[in-house]
Number of protein chains: 2
Amino acid sequence: MSTHGGQKARYQYDACCYCELARVCLPSGFFNPELKDITRLIDHYYLLQAGEKICFSGEKFRYLYAIKSGSAKEITVSIKGNEQVADFYLPGEIVGLDAISTGKYSYDAIALESTTVCIIPFSLLLMLAVKMPQLQRRLVDLISQKLLDRTRALMSHHYSAEQRLAAFLSNMGDRYKYIGLSAKNYYLSMSRYDIGSYLNLTPETVSRLFSKFQDEGILIVHKKHIQLVNPSQLVSRSYHPH
Amino acid sequence: MSTHGGQKARYQYDACCYCELARVCLPSGFFNPELKDITRLIDHYYLLQAGEKICFSGEKFRYLYAIKSGSAKEITVSIKGNEQVADFYLPGEIVGLDAISTGKYSYDAIALESTTVCIIPFSLLLMLAVKMPQLQRRLVDLISQKLLDRTRALMSHHYSAEQRLAAFLSNMGDRYKYIGLSAKNYYLSMSRYDIGSYLNLTPETVSRLFSKFQDEGILIVHKKHIQLVNPSQLVSRSYHPH
DNA sequence: CGAGAAATTGATAAGGGTCAAACACAGTGG
DNA sequence: CCACTGTGTTTGACCCTTATCAATTTCTCG
């Protein structure tokens with residue numbers, strides 16, 4: 001191990017070949033020998049404690065960060081100083097895609113728990129993409145996918161608080177399942193405040209809705225642990241993101 | 001001229017070299033001889049009447065569309081059948097970027113007035129990008145920029161109706177200015193209903209706010225024509241998208 | 001000119017915000 | 001081991017912004 005910048009713990013990277021997230025992460029769809037070329041892009045990864053920043057608003061964009069374990073939130077700070085949660089990141093997801101065009105991050109990405117992130121130098125990625133058309137395609141797909149997700153999030157605001165929270169919990173289940181965890185039984189690393197900010201609700205409203213869902217037997221909440229007792233009921237309470 | 005598909009009027013394309021929007025559109029930053037290569041991608045353009053669709057939800061993704069003149073709205077239709085406006089497109093802007101990853105359009109793009117759109121075959125664009133790294137970069141930048149815009153739109157929902165409408169009108173002015181038109185004096189091709197849907201407001205609320213802004217001397221509304229009398233006042237009424 | 005759609009304006013209501021208080025829990029220090 | 005403190009969560013009471021419903025006017029276009 002070596003430290004860098006006086007803050008973030010930095011570790012030598014082994015390889016995507018040994019990472020069980022490779023299937024869903026940046027190198028999704030790649031196998032040796034191309035996978036090896038992609039792996040070589042990544043020299044180090046960070047280990048961050050809860051609250052530490054992966055990147056911060058205004059910082060020059062040099063790296064994409066792949067969540068290797070743990071989770072993070074993306075927050076934008078308005079001129080008035082209040083934070084807004086724009087997104088959450090789970091393992092296998094890529095932080096920094098919307099910094100590409102402007103050349104600087106427009107938000108802080110903050111670890112929500114002990115989190116490791118792989119450091120992907122963007123200039124190297126681009127150079128490799130020039131030689132590897134499938135990687136060019138993968139990069140374009142990744143950003144496009146993120147764009148689609150953001151559009152869906154935007155559309156969700158047309159629905160009620162209950163529909164939004166139900167959809168959020170359902171979606172989180174799907175995302176956990178996608179990375180090989182339980183869709184019905186998971187741990188929400190973010191606070192009620194963060195959930196509220198993301199869904200454009202107050203923490204009070206989020207809390208009330210959790211209680212309501214629990215009273216109705218849809219789920220069981222225990223602090224940050226969520227157990228979906230009746231996932232189909234949850235889906236029917238949500239708006240139906242087609 | 002030739003017609004195609006029995007519906008959309010289709011015209012032989014001349015070239016980006018003769019288009020005054022080239023500066024802001026897909027070929028932004030390119031000059032001959034590269035500009036010529038990019039121009040060759042575009043064989044035809046459509047002339048659409050108000051209400052005609054550029055693409056529709058579920059259709060196989062083959063083309064990006066660049067608005068050449070006129071304007072369009074992007075709408076998603078929920079399962080319950082109600083339309084939601086996700087975006088507006090002005091000349092120089094590209095429709096279809098979030099269809100790349102899934103291979104099909106997830107929304108209808110509908111002309112708001114007489115509108116011409118250049119047809120950009122995506123597979124050809126990708127092939128050219130393989131040979132032309134600057135074009136690869138341009139494509140990635142375009143999608144990333146759109147992602148950033150969507151994130152900003154998402155964040156706007158944290159603010160009041162008045163702040164959102166003020167920001168919208170201010171933003172529209174900026175976008176018109178960007179393409180060489182007046183920022184203070186422009187024509188809004190979309191209905192109050194569309195504006196409301198985009199901002200997550202009812203048309204009644206939009207109408208009331210227009211009246212309010214007019215009463216306060218910030219702008220003059222005449223049907224769809226907007227004259228910003230006091231743009232700085234409008235900015236201070238908006239949330240401040242940093 | 002007439003009919004239907006869009007826009008405006010008014011009256012009322014509700015969803016979710018705001019304010020406030022109580023509670024739970026983690027970390028700290030005595 | 002137990003207060004002490006600060007943060008996050010829950011619950012209640014009240015209220016405000018914006019939606020809803022309704023009536024009227026204006027515009028569009030055949």
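Reader: Which side-chain atom of S211(A) lies 2.3 Å from a phosphate oxygen of DNA strand D, a polar or a nonpolar one?

Author: In this predicted model, local features need pLDDT of at least 70, side-chain atom pairs count only at pLDDT 80 or more, and totals for chains, interfaces and linings use all residues, while side-chain values use heavy atoms, with hydrogens and water left out. Residues are numbered from 1 along each chain as its sequence is written, and chains are lettered from A and ligands numbered from 1 in the order in which they are written. A polar contact is a pair of N or O atoms within 3.5 Å; within protein, one must be able to donate a hydrogen and the other to accept it, and residues adjacent in sequence count only if both atoms are side-chain atoms. Here it is a polar side-chain atom of S211(A) that lies 2.3 Å from a phosphate oxygen of DNA strand D. From chain B, a side-chain N or O atom of T205(B) is 2.5 Å from a phosphate oxygen of that strand, and for T202(B) the value is 3.2 Å.

Reader: Which residues come nearest to DNA strand D?

Author: A residue is near a strand if one of its heavy atoms lies within 4 Å of it. There are 16 residues around DNA strand D, and S207(A), R208(A), S211(A), A161(B) and T205(B) come nearest. Of the atoms of DNA strand D that come within 4 Å of the protein, 66% belong to sugar and phosphate.

Reader: Which helix gives the most to the surface near DNA strand D?

Author: Helices (H or I, at least four residues) and strands (E, at least two) are DSSP runs, numbered from the N terminus. Helix 6 of chain A gives the most, with four residues; at least two residues each come from helix 5 (192-199) and helix 6 (203-215) of chain A and from helix 6 (203-215) of chain B.

Reader: How is the open sheet of three strands in chain B ordered?

Author: Two strands pair if DSSP finds at least two bridges between them. In chain B the order is 11-13-12, with antiparallel pairing. Strand 11 (185-187) and strand 12 (219-222) of chain B stand at the edges with a single partner strand each, so one side of each has no neighbour in the sheet. Strand 11 and strand 13 (residues 225-228) of chain B are joined over three bridges in the antiparallel sense, and Y186(B) has I226(B) in strand 13 as its bridge partner.
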